[in-house]
Amino acid sequence: MKLLSLFTLIIFISGCSNISEEERLAEEKYWKYVEDYTTAIKKPTPRIINAGAVFNFAYLNTKKEIIRTITVRLTNEKVRTCSMENALKMEILSEQPVRKPIFPESTEIAAYSVLGSRFHFALRANICDGGMDVHGTVDELGFVGEEVVAGWFCPEKGSCPEPVYNFVLGTPVKPNKPL
């Protein structure tokens, strides 16, 4: 009887853990992200992240072609956003190509947040689901991260466009005094 119970338990457990290779890889990627994020937030915030600091950011597509460049100045002015806590305004000094507003009358606010060496910024921070969010890490030499461009919710699996991953690099132009 014990053998039958053990056999039934093994079949039950193996049936519950049947996940596809795609799901397994997605789960591995998620836990790697959690590990990297946890490590990054424990590090001290680099001195180059401060009010008045100017950065150049370059966005590269999967072919390593530059598709966007922006120059920004970090401020210590608090702003409300949809996707960040403790967000601070980021002034866009130059941008190529220039973004078109989502709505004709909208005023888009760029913002950033930093936690340890984890750096997040968005060019449309005040517009929920406005996209243009960039996540990555920063050290004394600069920033490395990615922008994930995904479409709106798509209920039909397989017919939705795949997300686009743009690599983003940033370098300080003019560091200022620490906050």
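Student: Is Asn-86 buried or exposed?

Tutor: The model is predicted: local features need pLDDT of at least 70, side-chain atom pairs count only at pLDDT 80 or more, and totals for chains, interfaces and linings use all residues. Residues are numbered from 1 along each chain as its sequence is written, and side-chain values use heavy atoms, leaving out hydrogens and water. Relative accessible area (1.4 Å probe, protein chains only) classes a residue as buried under 20%, exposed over 50% and partly exposed in between. Because its relative accessible area is 70%, Asn-86 is exposed.

Student: What is the phi of Asn-86?

Tutor: Asn-86 lies in the loop between β2 and β3, strands being DSSP runs of E with at least two residues, numbered from the N terminus. Most residues other than glycine have a negative phi. Asn-86 is not a glycine, yet its phi is positive, at about 55°.

Student: Which residue in the loop between β1 and β2 has a positive phi although it is not a glycine?

Tutor: The residue is exposed, with a relative accessible area of 61%. Its phi is about 65°. The residue in this loop, which follows β1 (54-60), is Lys-64.

Student: Which residue does Gln-96 join through a cis peptide bond?

Tutor: Most peptide bonds are trans. Here omega is about -10°, and the partner's place is in the loop between β3 and β4. The cis bond joins Gln-96 to Pro-97.

Student: Which side chain makes a polar contact with the side chain of Thr-71?

Tutor: Thr-71 lies in strand β2 (residues 66-78) and counts as buried because its relative accessibility is 17%. Beyond four places in sequence, Thr-71 touches residues including Val-54, Phe-55, Ile-92 and Leu-93, contact meaning heavy atoms within 4.5 Å. A polar contact is a pair of N or O atoms within 3.5 Å; within protein, one must be able to donate a hydrogen and the other to accept it, and residues adjacent in sequence count only if both atoms are side-chain atoms. At 2.6 Å, the side chain in polar contact with that of Thr-71 belongs to Asn-56.

Student: Over how many bridges do β4 and β5 pair?

Tutor: Two strands pair if DSSP finds at least two bridges between them. β4 and β5 form a hairpin with two residues between them, and Gly-116 in the turn has a positive phi of about 65°. Ala-111 stands opposite Ala-122 in β5. Strand β4 (residues 111-115) and strand β5 (residues 118-122) pair in the antiparallel sense, and the number of bridges is five.

Student: How many bridges pair β3 with β4?

Tutor: Strand β3 (residues 88-96) and β4 run in the antiparallel sense. Leu-88 stands opposite Tyr-112 in β4. The number of bridges between β3 and β4 is two.

Student: How far apart in space are Leu-115 and Pro-44, C-alpha to C-alpha?

Tutor: Leu-115 is in strand β4, and it counts as partly exposed because its relative accessibility is 46%. Leaving aside neighbours within four places in sequence, Leu-115 is in contact with Tyr-37, Ala-40 and Ile-41. Leu-115 and Pro-44 are 71 residues apart in sequence, and their C-alpha to C-alpha distance is 8.3 Å.

Student: Which residue stands opposite Asp-139 in β7?

Tutor: Strand β6 (residues 133-139) and strand β7 (residues 142-149) pair in the antiparallel sense over six bridges. A hairpin joins β6 to β7 through two residues. Opposite Asp-139 in β7 stands Gly-142.

Methods
Helix = DSSP H or I, 4+ residues; strand = E, 2+ residues; numbered from the N terminus.
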